[in-house]
Amino acid sequence: MKINRIAFQNFRIYKGSNAVDFAPEATKNISIIAGKNGFGKTTFLTSLIWVFYGKMMSEVEDKYRRDIKSVGGYDKFLKTLLNRETRAAFENSGAGVPVLSVEIELKDLSIPSIPCKSVIVKRSYDLRTETESLTILIDGIESELSKEVGYEVFINDFILPREIAKFFFFDAEKIVSLAEAKSKQELKNLSRAYSEVLGIKKYDDLKKNLETLLSKFKRDGASADQKAKLDKLISKDKELQELFDMNQEKLYNLDKELASQKVISDGFQEKLIREGNGITLDELQELKKERDGYKAESIEIKSSLKRLLDIAPLVMAGTKLLALRQQLDKEDVHHSENINKFIKTEEFASFSNLLLKNLGDLSFDVSTKSKIVDALKKTISEKQTCSIDGTVKVLLDFDAEQYRNFEALFNNIKTTFSSQFNEIIKQEKNNRLLLSRVMYKIKQAEARNDNHLAQKIREEKDEVDNKIVDLIAKRDGLIEAGGVLKTNLATNHKLLSESEKEIKLDDTDSKKYEVIEKLLSKINKIIHDIKEDKKYSLQKSLLLGLKKIMHKKDFIANVRVNVLDDVMDIDLLDMDNQVIDKDSLSKGEQQLYATALLKALVDESGIKFPVFIDSPLQKFDKYHSKNIIKEFYPDISEQVVLFPLLEKELSEAEYEYLKPNVNKVFTIENNGNSTFMPLTVDTLFDHLKTEVHVYSN
């Protein structure tokens, strides 16, 4: 499947009619649409999501859900898609035709049992009537199939499922977040993406529906009091979920602001370096990284010291601790002897009974026999009395486990405590010294005291840094509040589940309940089996992709996909089969990993659809860029459309590697509104050189 043509009418920055004709060739699969920042590259991607999915675009990516929510709903969002000048002219004087539309023509689309040369999808919005319309033409006419199943379903089933659309229209930087998954929630998101690619989402949806049905059965069979209790818990659950979502929204916005302020701070930092000494920004960043490492190490040292200080009072007790040990030893012996006394008493009794029985068989007279028995009893009594030390007074009465724990603590204090304490003190001193040196170097690098311009920049930077500190504090507060809300949600869920268990069903509903539970069990097994079966092909595809584009040979020797319930994690393994920490990868290597993961997921989907990539090559060095250009872009799809910022995300040298696979080239020109200018493949950078301000907005 390939895109032959995309036409815009009044879509945001693209005023009037604008079109891009790709005319895809079988031997060349890459098209370039280059433009400066703010000229409409991201708008282009938004138009593709909108034309296919309309109000369902919020299910493609969270960004669109937030955009729609921020303007007050989808109906208001539609108005923001209309070109501003066109909308203003109509709202102010009723002039013009306030209609926006996006039209896409697809070639080589395979529809079972229907011959098809081309499919045209067109979505429009008319501000006059405030209505949205969607039309689908198969070879120029409306098909009964698309009408029968519904246009939205037709697109989802025969063109591109919205659950995996984000893997075909993506920002190269954003995809890194998928590869950097660490927290349980992030790993769940990775697992969800994998489930969408494998087509498991339909089973997940069925599972959720059945779980909802189970809850409905329970609630329908509840008494009035039980229903009141359930309604209260459900209402609280909804309230907590809304608060949690609001908290996450605030956290997202704050993270964006924090990232923006850090960019500003880095800009001031670069100016300070120019006004200060000759240290480079990269060298300063390394110093700061070293500083952060020492600070983290200081926290670990203090944590270790705290653990030792917790037992320091026992060390200071000295002789009293020894006296405590002696008392516990005596009590332990006393307990043992009490046990032995019982055993010995039993043994003496058995022995005396046997001896008396044997004496009865001897021919002693009564007097002699009586004296022997008395002597025996006296001897046994004396033996039992002398075997127990009655002077021990039980004060602590530790059981065996408590005694062993104390013994381990005592031996630690006696043997290794001193050396451990001295070593930690030594580490703390060394760490403090090294941290002080690095802080001094950073301070020296940032500005000279006698440079008034540097002082002014320093003041502005300090102001921004203070904002960053405040934002970090707010962020920590939101994270903490989110944790509390999450805990409260989990507690409420548990109470809700327990309340439902208390409800007794009648025989009919009980049988239905059992059937649904069995279905749930089978669905869970199906989901698990599919993931287990497919994870090996994902491992193979991901490893193959990494080996193609990584310039470090044998750096990653293997890949392991771990799937457990609704969590999926991916381990990168070295030659010794040890897990490579993804944090240790450079930003470029992280994006390489993300890129290889993207290709593996696209391959797993089995969907033949064009791939659109914004901000390509941004984090790659020239070696990795060459590998991506030669090994990745020509192979990821039969049609690839790149949106680079020339000389920043695609250099002229890199373009030379790309040219053998380039089919079409366009630049986005802007004179208040944007238009597309087609160029020949060889003249892209010639056109760029005619412009004076390459990086202007």
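**Helix packing and local features of the predicted model**

In the predicted model, helix 9 (residues 201-220) packs against helix 17 (residues 452-501) at an angle of about 55°, and the two axes are 9 Å apart. Because angles from 35 to 65 degrees fall outside the parallel and perpendicular classes, helix 9 and helix 17 are oblique to each other. The crossing of helix 9 over helix 17 is left-handed. On the side of helix 9 the contact is formed by Ser-215, Lys-218 and Arg-219, and on the side of helix 17 by Leu-496, Glu-500 and Lys-501. Sorted by class, these residues of the contact between helix 9 and helix 17 comprise one nonpolar, one polar and four charged residues.

Helix 9 also packs with helix 18 (residues 507-549), where the axes come within 10 Å and cross at roughly 160°. Since an angle over 145 degrees counts as roughly antiparallel, helix 9 and helix 18 are assigned to that class. This crossing, too, is left-handed. Helix 9 contributes Tyr-203, Asp-204, Leu-206, Lys-207, Leu-210, Glu-211, Leu-213, Leu-214, Phe-217 and Lys-218 to the contact. From helix 18 the partners are Asp-509, Lys-512, Tyr-513, Ile-516, Glu-517, Leu-519, Leu-520, Ile-523, Asn-524, Ile-526, Ile-527 and Ile-530. The composition of the contact between helix 9 and helix 18 is 14 nonpolar, one polar and seven charged residues. Lys-218 of helix 9 is listed both in the contact with helix 17 and in the contact with helix 18.

Across the chain, the secondary structure amounts to 22 helices and 14 strands. Of the 697 residues, 40% are buried. Among contacts between residues at least 6 apart in sequence, 71% link residues at least 24 apart.

An example of a contact between residues distant in sequence involves Phe-417, which lies in helix 16 (residues 417-446). Phe-417 and Leu-308 are separated by 109 residues in sequence, while their C-alpha atoms are 7.8 Å apart in space. When neighbours within four places in sequence are left aside, Phe-417 contacts Leu-308, Ile-311, Ala-312, Val-315 and Asn-412. The relative accessible area of Phe-417 is 9%, below the 20% limit, and the residue is therefore buried.

Helix 6 (residues 151-159) has Tyr-151, Phe-154, Ile-155, Asn-156 and Ile-159 as its buried residues. These residues pack against two helices and four strands, namely helix 1 (41-53), helix 5 (144-149), strand 4 (99-107), strand 5 (118-126), strand 6 (131-138) and strand 7 (141-142).

A search of the whole structure identified 18 aromatic pairs. In the pair of Phe-52 and Tyr-53, the ring centres are 6.0 Å apart and the planes lie at 50°, so the pair is classed as tilted. Both Phe-52 and Tyr-53 are buried.

Positive phi values were found in residues other than glycine. Asn-10, in strand 1 (residues 2-11), has a phi near 55°. With a relative accessibility of 6%, Asn-10 counts as buried. Asp-139 likewise has a positive phi near 55°, but is placed in the loop between strand 6 and strand 7. At 38% relative accessibility, Asp-139 counts as partly exposed.

Notes
Residues numbered from 1 in each chain as written. Predicted model: local features only at pLDDT ≥ 70, side-chain atom pairs only at ≥ 80, totals over all residues. Heavy atoms only, no water. Axes fitted to C-alpha atoms, helices over the stretch in contact; angles between N-to-C directions. Parallel < 35°, antiparallel > 145°, perpendicular 65-115°, else oblique. Left-handed = near helix turned anticlockwise from the far one by under 90°. Contact = heavy atoms within 4.5 Å. Nonpolar A, V, L, I, M, F, W, Y, C, P; charged D, E, K, R; others polar. Phe/Tyr/Trp six-rings, centres within 6.5 Å; stacked < 30°, edge-to-face > 60°. Buried < 20%, exposed > 50% of the residue type's maximum accessible area, 1.4 Å probe, protein only.
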